[in-house]
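User: I'm new to this one and would like to learn how to read it. Could you walk me through it step by step?

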Amino acid sequence: MLELLGAFKRNPNRKRERQNEPIVTTPLPDPPRRVPKPVKETWQEMRERGWWLTSADRFLVEIAATLMARYRLEEIKSGDVSNLIGVLSKLGFSPRERGALNLPTRTT
């Protein structure tokens, strides 16, 4: 995608720096069996809405799903809300971060 956008022509080092970057294409798996039902439900929701997520995101998704489930059950402290927003952003669940991912257009 970056090559098509001309990013490597403007910055040739960028291509060299990314040549060994892993490309993960396996989808986000089912939630782990050990997590509670509210976390599993949130994980499934994130997988449905976050169609761009892959198996490499599973650890962050587990953290985000756990925090979101606790948020929905009103079991979360204000500092944890900041952590939740941060991890959701890293996963592309904020407009700014999602835009930076250069995802193909898809309506939900």
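User: Let's start with a pair of helices. Which residues in α4 meet which residues in α5?

Analyst: Keep in mind as we go that this is a predicted model. To read a helix pair, look for residues whose heavy atoms come within 4.5 Å of each other. On the α4 side, those are L60, I63, A64, L67, M68, R70 and Y71, and they meet D80, V81, N83, L84, V87, L88 and K90 in α5. Sorted by class, this contact has 10 nonpolar, 1 polar and 3 charged residues.

User: And how do I describe the way those two helices cross? What is the angle between α4 and α5?

Analyst: Picture a line through each helix and compare the two directions. Helix α4 covers residues 58–72 and helix α5 covers residues 78–90; their axes cross at roughly 140° and come within 9 Å. Only an angle over 145 would count as roughly antiparallel, so α4 is oblique to α5. As for handedness, the crossing of α4 past α5 is left-handed.

User: Let me try α3 and α4. How far apart are their axes, and at what angle do they pack?

Analyst: Helix α3, residues 37–49, packs against α4 at about 120°, and the axes are 8 Å apart. That again gives an oblique arrangement, this time of α3 to α4. Here α3 passes α4 in a right-handed crossing. From α3, the contact is made by P38, V39, T42, W43, E45 and M46, while α4 brings in R58, V61, E62, A64, A65, T66, M68, A69 and R72. By class, the residues of this contact are 9 nonpolar, 2 polar and 4 charged.

User: Now single residues. Is D80 buried or exposed?

Analyst: The idea is to check how much of a residue's area stays accessible; under 20% counts as buried. D80 has a relative accessible area of 18%, so it is buried. It is found in helix α5. Setting aside neighbours within four places in sequence, D80 is in contact with L67 and R70.

User: What about a residue in a loop? Where is P31, and what does P31 touch?

Analyst: P31 is found in the loop between α2 (12–18) and α3. Not counting residues up to four places away in sequence, P31 touches K40, W43 and Q44. Its relative accessible area is 13%, so P31 is buried too. You can also look at backbone spacing: P31 and E41 are 10 residues apart along the chain, and their C-alpha atoms are separated by 8.8 Å.

User: I've heard phi can flag an unusual spot. Which way does phi go for E74, positive or negative?

Analyst: Here's the background: most residues other than glycine have a negative phi. E74 is not a glycine, yet its phi is positive, about 60°. You'll find E74 in the loop between α4 and α5. With 72% relative accessibility, E74 counts as exposed.

User: Let's zoom out. How many helices and strands does the protein chain have?

Analyst: There are 6 helices and 0 strands, so reading from the N terminus, the elements run α-α-α-α-α-α. The chain has 108 residues, and 31% of them count as buried. Its accessible surface comes to about 8200 Å², with 52% of that belonging to carbon and sulfur atoms.

User: And how do I tell whether contacts link distant parts of the sequence?

Analyst: Take the contacts between residues at least 6 apart in sequence, then ask what share spans a longer stretch. In this chain, 52% of those contacts join residues at least 24 apart.

Technical notes:
Residues numbered from 1 in each chain as written. Predicted model: local features only at pLDDT ≥ 70, side-chain atom pairs only at ≥ 80, totals over all residues. Heavy atoms only, no water. Axes fitted to C-alpha atoms, helices over the stretch in contact; angles between N-to-C directions. Helix = DSSP H or I, 4+ residues; strand = E, 2+ residues; numbered from the N terminus. Parallel < 35°, antiparallel > 145°, perpendicular 65-115°, else oblique. Left-handed = near helix turned anticlockwise from the far one by under 90°. Nonpolar A, V, L, I, M, F, W, Y, C, P; charged D, E, K, R; others polar. Buried < 20%, exposed > 50% of the residue type's maximum accessible area, 1.4 Å probe, protein only. Areas by Shrake-Rupley, 256 points an atom, 1.4 Å probe, with all protein chains shown as cover.
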